[in-house]
Structures are given as C-alpha cells and as structure tokens.
Amino acid sequence: MLKETFGMRANPGGEIAPAEVFGRDKLIERLWRILERQSLVLSAERRMGKTSILKKMRAEAPADKLPVYRDLEKVRSPLEFAQTIFDDVESYLSRSKRTAAKARQWLTNLTGLEIGGIVKFPDAVADEWKTLLSKTIEDLVEYQDRTVIFFWDEMPLMLDNIKKKNGESAAMEVLDTLRSLRQTHSELRMVYTGSIGLHNVLTSLKRSGYANRPTNDMKAVDVPPLSPNDAEELARRLLEGENIETDDIQTTAKAIANAVDGIPYFIHHVVDHLIEEDEAVNAARVDAIVNTYLIEPQDPWDLRYYRERIDTYYANDEKQLVLNLLDILAVTDTSVPFDDLFNRLESRLVNPDIEKTRDVLTLIQQDHYILLQSDGYCFRFPLIKYWWRMHRGVR
C-alpha cells in the first residue's frame, strides 16, 4: 500500500540537483569562508558527494564570486589542460561579447597565423602551454570585479594522466605553474578535488625527486559522511518521496543511515532498492539488503575498488604492508595502539621496517581507510571494514 506523498526521490549514481544536495549547508558555508582568503584542496572518500557539493556551490555562488567548473578526468597533457581552461574562459567572456584577447594575440605572434573563431591549440605549441594558460587566466581576471574561482573536479586524476603520458616532470610543472598563478593574482582561487587523493600523486612525484610543496598555500578540507541526524533525515525524506511503506519510518530511516555509515550515495541506493519491496519495510530488512550488496558478485557498489586501488597507487614495497595492516584492523573490534599493531604485523611479515610501517599508516589514513584515535588505529568506515573482512577471508 503506497502513501500519497511526494518529495525527494532516490537517485543512486545520478546527478543530484543542487537544491537536493542535502545536509551540506554548514560545510558549504565553511568552504565559502575559506575561499575569501585562499584556495582549497577538497578531499574525501568516493561517494561522499564532492562533485554535488561543487555543483551546488557553482549554482548558488554569492554575487561577488565567479565560479568556473570543469571535470578534468579526460585531460591527458598540459596543452590539453591549457586548451580546456581557454575554452571555459572564452565561453564566459563571450557572454559580454569579448574574447581571451591576450592569449589569442600571443598565439598569433607565436604562429604567425591570424587567430579567429574557435581556437584549437596546435601540437606545435605544446611547449608553450604555460604561457597560454597564464595569458588565458589574465584575460579572465583583468576585467572582473568578482573573485574568480576555478572548481576543478578530478584534478588528481588529470595529474596522474599527465604523469603517465608526459612524465613526472610535466605533472610537476602543472602544479608549480598553478601555484605561481595563485601568487600572481590575489583575486584568483582554485579548488582541487577528485576521486583519488592528491596526496597519491604527490607521493609518486616525490619518489621521482619532486621536493616542492605545491599546495602549501591551499587549505585542505575533508568531506565527511553526513552527520547521523542529517543521514537519518535524508533517508526519511527519500522514503517519503518514494511512498515506501514502513513499520516505523523513523526507525527504518535510522537503520538505513547506520547501515551505510551516513554515506549519501549508499542511502540513495538502499532506498531505491526498497521501492521494489512487496511488504512494509523494517530495520531488519534494511540490514539484509545491505548485506546482499556486500556479497553480490557483480559488485554494484564497486567496493572492490578499495582493494584494487592499492595495486595502482602504492609502491611495490608498500603493498604487502598495506594489505596486512588492513587485515589486522579488519578483525579487531577496538582501536589498536601502534606497538600492538606492529607486533601483530611481525607475526605476518619477515622483519617489517618500523618507520616504513609508520609512513604507510599515514598514507592509508589519507586514503580514508583508517583513523588514528587517542587509543590507536581502526577502520574509518564500519561498512568497508565488514566488506574487507568478508572478501579477504580474514578472521
């Protein structure tokens, strides 16, 4: 039996309208305050809604801010990056019947060709991408009475792509150039975010001798799960919006929020699944559905990513350390002090290096696998801990 109500609808994996980005108002207010003074590195585990937050900020930006959003996932070279920013700047300037005149003139002087209409940077100017990028940004900020903010989603993935295609030095140059531009233009802000952490890229570059700190002028902010109250309220609104009958809507909403650690993406998924239920839903049914997702061979929540990315982003001498540390923490119900954790590690590996272990623990904290609390280390998300324990077969 369905109730005649309408409201928020479940949208698992789809684009969330800015007005329906729920429970993030305080975080967004904080981000705007930070952007008054400096740029941002916005980090979070997957599924936390980073992209939805960026798009909500773009849609609802204060009058004194000019937001420019771009997903950089497909960019694979510094010249492509300069081209992408040029396209975005030209798109904005065209509304005032202007163009990126400095960049166009410089390109004309460089190539000897008259530049008109749609501009495609030729491969022959690939070595001049820094100047093209700098001129383009000058064109945008020159006539603005607003703070220009570039919201760059999947920035770490772009840098990783550049590193693989053009080498570590090219990725280093991109980071250093962007830092220089922030220092040159006081009215310019940048927001980096993405599905892999920027620290993964920086760690890789440091192994190749990169010693700079290209984001030390930026504020690092973590996007957490929804608060328990907000997660519960989101679940309740979705249950109501989808007209799902429950034994007790508040109890069911709380069960959903708790079962998926307050992660918005999973809340939408569980409610979407409940639409197909023939009987009134209760908390026990919610737990059964979540368990089904955790063992589903097709892995609809892509949880295997938590294992697979270790092979992608960690050095060969780190992988066994990471796996064994996570295996140990997956079977403990309380936080584990470092000395105890290292003793358990010694029973698994031959002569593990104590300082290397400390370094790896820092990395897997930055990758949101674990937390360091006052009494030791533990998994950050019970949902991921439970999945890890099942799929690694550890007891």
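In which helix does R33 lie? The structure shown here is a predicted model, and in this model R33 lies in helix α1, which covers residues 25–35. The points below begin with the charged patch to which R33 belongs, turn to a second charged patch, and then move to strand β4 and its partners.

**Charged patches on the surface**
- R33 joins R30, R37 and K219 in forming a positive surface patch, and R33 itself is exposed, with a relative accessible area of 52%.
- A negative surface patch is made up of D272, E276, D278 and E279.
- Within that negative patch, D272 belongs to helix α11, which spans residues 264–274, and D272 is partly exposed, its relative accessible area being 31%.

**Strand β4 and its surroundings**
- Strand β4 runs over residues 188–193, and because six of its six residues are buried, the strand is largely enclosed by the rest of the structure.
- In a regular strand, the side chains alternate between the two faces of the sheet.
- From β4, the residues L188, M190 and Y192 point one way, while R189, V191 and T193 point the other way, and all of them are buried.

**Strands that pair with β4**
- Strand β1, formed by residues 40–43, pairs with β4 in the parallel sense over three bridges, and Y192 in β4 is the bridge partner of V41.
- Strand β3, formed by residues 147–153, also runs parallel to β4 and is joined to it by six bridges, with R189 in β4 serving as the bridge partner of I149.

Conventions
Residues are numbered from 1 along each chain as its sequence is written. This is a predicted model: local features need pLDDT of at least 70, side-chain atom pairs count only at pLDDT 80 or more; totals for chains, interfaces and linings use all residues. Side-chain values use heavy atoms; hydrogens and water are left out. Patches are made of residues with over 30% relative accessible area and no salt bridge: like charges are joined within 9 Å, nonpolar side chains (Val, Leu, Ile, Met, Phe, Trp, Tyr) within 5 Å. Accessible areas come from the Shrake-Rupley method with a 1.4 Å probe; for residues, only the protein chains shown count as cover. A salt bridge is a side-chain nitrogen of Lys or Arg within 4 Å of a carboxyl oxygen of Asp or Glu. Lys and Arg count as positive and Asp and Glu as negative; His and the chain ends are not counted. The place of a charge is taken as NZ of Lys, CZ of Arg, CG of Asp or CD of Glu. Helices (H or I, at least four residues) and strands (E, at least two) are DSSP runs, numbered from the N terminus. Buried means under 20% relative accessible area, exposed over 50%, partly exposed in between (1.4 Å probe, protein chains only). Two strands pair if DSSP finds at least two bridges between them.
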